[in-house]
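Visitor: I would love a close look at one part of this protein. Could you take me through the five-stranded sheet and then show me what else is worth a glance?

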Amino acid sequence: MSGTLTIDGKTIPFAEGQSVIEAARCAGVYIPHLCHKPGYAPHGSCKLCTVFVNGRKTSACTFPAAANQNVVSDTPELQQDRLRLTQMLFVEGNHFCPSCEKSGNCQLQGVAYHLRMLDNHYPHFYPQREVDASHPDILLDHNRCIFCNLCVRASRDKDGKNVFAIAGRGINKRLIVNSASGKLKDSDISVADEATQVCPTGAILIKRSGYQLPIGQRLYDQRQISEVALSAEVDHEP
């Protein structure tokens, strides 16, 4: 089944099986997101893509597109909610953009720029999180994890390995490695795995590759995240 729906008054087509966010993306309408990626099962964890569908608040990445839907995305209320959610992500972890290897290629940073985030608003949590540098080629920095589940889904659904999982709840929530020691070195992850490429922040990094491209010349230094997300290169984001 296919048809049309409206997003902020603009009529757009959708194809059978598409979510609201995918219909929007294909029509050139950007809805901010972090846990969504084309080709991946929807997860709905970051809530940045929350929209009104026929008056009901819902995540655009999990809600199926249907004929005659009236979707509202660009309102002061929703943009303020997205800003506050992004600020919460920054203070919940330890994100030090000026010294991060992912600066300029970080989707969290790109969304913050898009939302014109100028400060963190909330007090920092400063959680005590470890850095797992045990693997010879891959580094896992828990300080930068935003629990988007992309690496979990990539390892399970794309790589067929099930290296990662999310454990705990609330402030005790954490990304874990499914190995006997809980360390990357004892897992079967490889630098060629898709799970090493999908992280929207600097939580998963390939060693000996940082700063090869200077800050100022990186993806989101040159292009707005909305432009990148809507382009044909969306599936090849760093």
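Guide: Here is a walk through that sheet, followed by a loop residue, a second sheet and the cysteines.

Please keep in mind that the model is predicted. The sheet you asked about is open, and its five strands follow the order S2-S1-S5-S3-S4 with mixed pairing. At the edges stand strand S2 (10-14) and strand S4 (56-59); each has a single partner strand, so one side of each is left without a neighbour in the sheet. On average, neighbouring strands here are turned by 35° against each other, direction ignored. Further in, strand S1 (residues 3-7) and strand S5 (residues 70-72) run parallel and are joined by two bridges. If you look for Thr6, you will find that its bridge partner in S5 is Asn70. Helix H2 (residues 76-92) packs on this sheet, where it touches S3, S4 and S5, and the direction of H2 makes about 155° with that of S3.

Now for the loop between helix H1 (20-26) and strand S3 (50-53), which is where Ala27 lies. Leaving aside residues up to four places away in sequence, Ala27 touches Lys10 and Ile12. Its C-alpha atom is separated by 7.4 Å from that of Pro13, a residue 14 places apart from Ala27 along the chain. Ala27 counts as partly exposed because its relative accessibility is 23%, between the cut-offs of 20% for buried and 50% for exposed.

The second sheet is also worth your time. This open sheet has three strands in the order S6-S7-S10, and the pairing is antiparallel. Strand S6 (131-132) and strand S10 (204-206) are at its edges, each with a single partner strand, so one side of each has no neighbour in the sheet. Strand S7 (residues 138-141) pairs with S10 in the antiparallel sense over three bridges, and Ile138 stands opposite Ile206 in S10.

Finally, the cysteines. There are zero disulfides in the structure. For Cys35, the closest cysteine sulfur belongs to Cys46 and is 3.8 Å away, which is too far for a bond because a disulfide needs the two sulfur atoms within 2.5 Å. Cys148 is in no disulfide either, and the nearest cysteine sulfur to it, that of Cys199, is 6.0 Å away. With a relative accessible area of 1%, Cys35 is buried; Cys148, at 9% relative accessibility, counts as buried too.

Conventions:
Residues are numbered from 1 along each chain as its sequence is written. This is a predicted model: local features need pLDDT of at least 70, side-chain atom pairs count only at pLDDT 80 or more; totals for chains, interfaces and linings use all residues. Side-chain values use heavy atoms; hydrogens and water are left out. Helices (H or I, at least four residues) and strands (E, at least two) are DSSP runs, numbered from the N terminus. Buried means under 20% relative accessible area, exposed over 50%, partly exposed in between (1.4 Å probe, protein chains only). Contact means heavy atoms within 4.5 Å. Two strands pair if DSSP finds at least two bridges between them. Axes are lines fitted to C-alpha atoms, for helices over the stretch in contact, and angles run from 0 to 180 degrees between N-to-C directions.
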